[in-house]
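Here is a short report on charged pairs, a nonpolar core and one loop residue. Please view the model first.

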Amino acid sequence: MQLPALIHLLESARAIGRCDRIIVFGSSALLASFPELGDAGRPLELSYDADLFVEPCDPQLAAVLHEALGDGSLFAQRSGYHADVLRPEILADLPPGWERRLVPLPGIPNASALSPADLVILKLQAGRAKDLDLCRHLFQERLLAPDKVKPLLDSTPLPENEIVAVYERWKSVTSQA
């Protein structure tokens with residue numbers, strides 16, 4: 001996905017949902033900080049979705065947005081990309097102070113993206129190979145410095161049964177940075 005596609009998706013969500021605020025989560029959030037990651041041959045070139053958290057959000061609005069902009073919608077068929085609407089539970093997995101680090105999206109009032117550092121924390125928790133590859137890329141390309149992310153990871157409340165796994169993933173993505 002490229003930044004203009006993300007902006008189009010946000011404009012559409014804003015028009016349909018009349019949202020007070022939209023926050024981009026997931027890999028597409030990186031486009032607000034590093035738009036070049038959507039270029040040909042870059043990690044987000046083949047990303048066709050954006051995870052959106054809209055406020056206010058209720059089950060009805062989430063259903064409307066999914067029907068209008070979600071996977072399989074006419075919008076997705078026509079544009080080649082779609083939105084996944086997130087539930088408020090996603091906020092529990094974020095490091096303290098994440099809202100202060102949001103990155104504004106150009107030209108879209110009250111729309112922002114999760115900071116790259118906060119996104120890495122979520123990707124480490126998810127632990128999928130593609131997520132870890134993306135984190136590794138961010139560190140290897142020096143788009144993020146491990147010493148800026150580690151304090152956020154240390155302050156993030158993690159379920160007890162996930163702590164060891166998340167820190168093992170951290171070691172694996174930063175070992176060559």
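Lys123 is buried, at 7% relative accessibility. Buried here means under 20% relative accessible area, exposed means over 50%, and partly exposed is in between, with a 1.4 Å probe and protein chains only. This is a predicted model, in which local features need pLDDT of at least 70, side-chain atom pairs count only at pLDDT 80 or more, and totals for chains, interfaces and linings use all residues. Residues are numbered from 1 along each chain as its sequence is written, and side-chain values use heavy atoms, with hydrogens and water left out.

**Salt bridges**

Lys123 pairs with Asp131 in a salt bridge. The term stands for a side-chain nitrogen of Lys or Arg within 4 Å of a carboxyl oxygen of Asp or Glu. By this rule, the count is nine. Asp131 is buried too, at 2% relative accessibility. Asp131 also forms a salt bridge with Arg128. Arg128 is partly exposed, at 45%.

Three of the pairs are listed with their N to O distances.

| Acid | Base | N to O distance |
|---|---|---|
| Asp131 | Lys123 | 2.9 Å |
| Asp131 | Arg128 | 2.6 Å |
| Asp154 | Lys150 | 3.0 Å |

Asp154 and Lys150 both sit in helix H6 (residues 146-155). They are four residues apart, about one turn of the helix. Helices are DSSP runs of H or I with at least four residues, strands are runs of E with at least two, and both are numbered from the N terminus. Asp154 is partly exposed at 44% relative accessibility, and Lys150 is partly exposed at 28%. Elsewhere, Arg21, Glu55 and Glu99 are joined into one network by salt bridges that share partners. Side chains of opposite charge can pair when their charged atoms come close.

**Nonpolar core**

Which residues have the most contacts inside the largest nonpolar core? They are Leu6, Leu10, Leu105 and Leu114, in a core of 61 residues. Helix H1 (residues 3-17) gives the largest share of this core, seven residues. Such a core is a set of buried Ala, Val, Leu, Ile, Met, Phe, Trp, Tyr and Cys residues joined through side-chain atoms within 4.5 Å. Leu6 touches residues including Met1, Ser28 and Leu105, not counting residues up to four places away in sequence. Contact means heavy atoms within 4.5 Å.

**Ser47**

Ser47 lies in the loop between strand S1 (21-25) and strand S2 (49-55). Is Ser47 buried or exposed? Ser47 is buried, with a relative accessible area of 14%. Ser47 touches Met1 and Ser28, again leaving out residues up to four places away in sequence.
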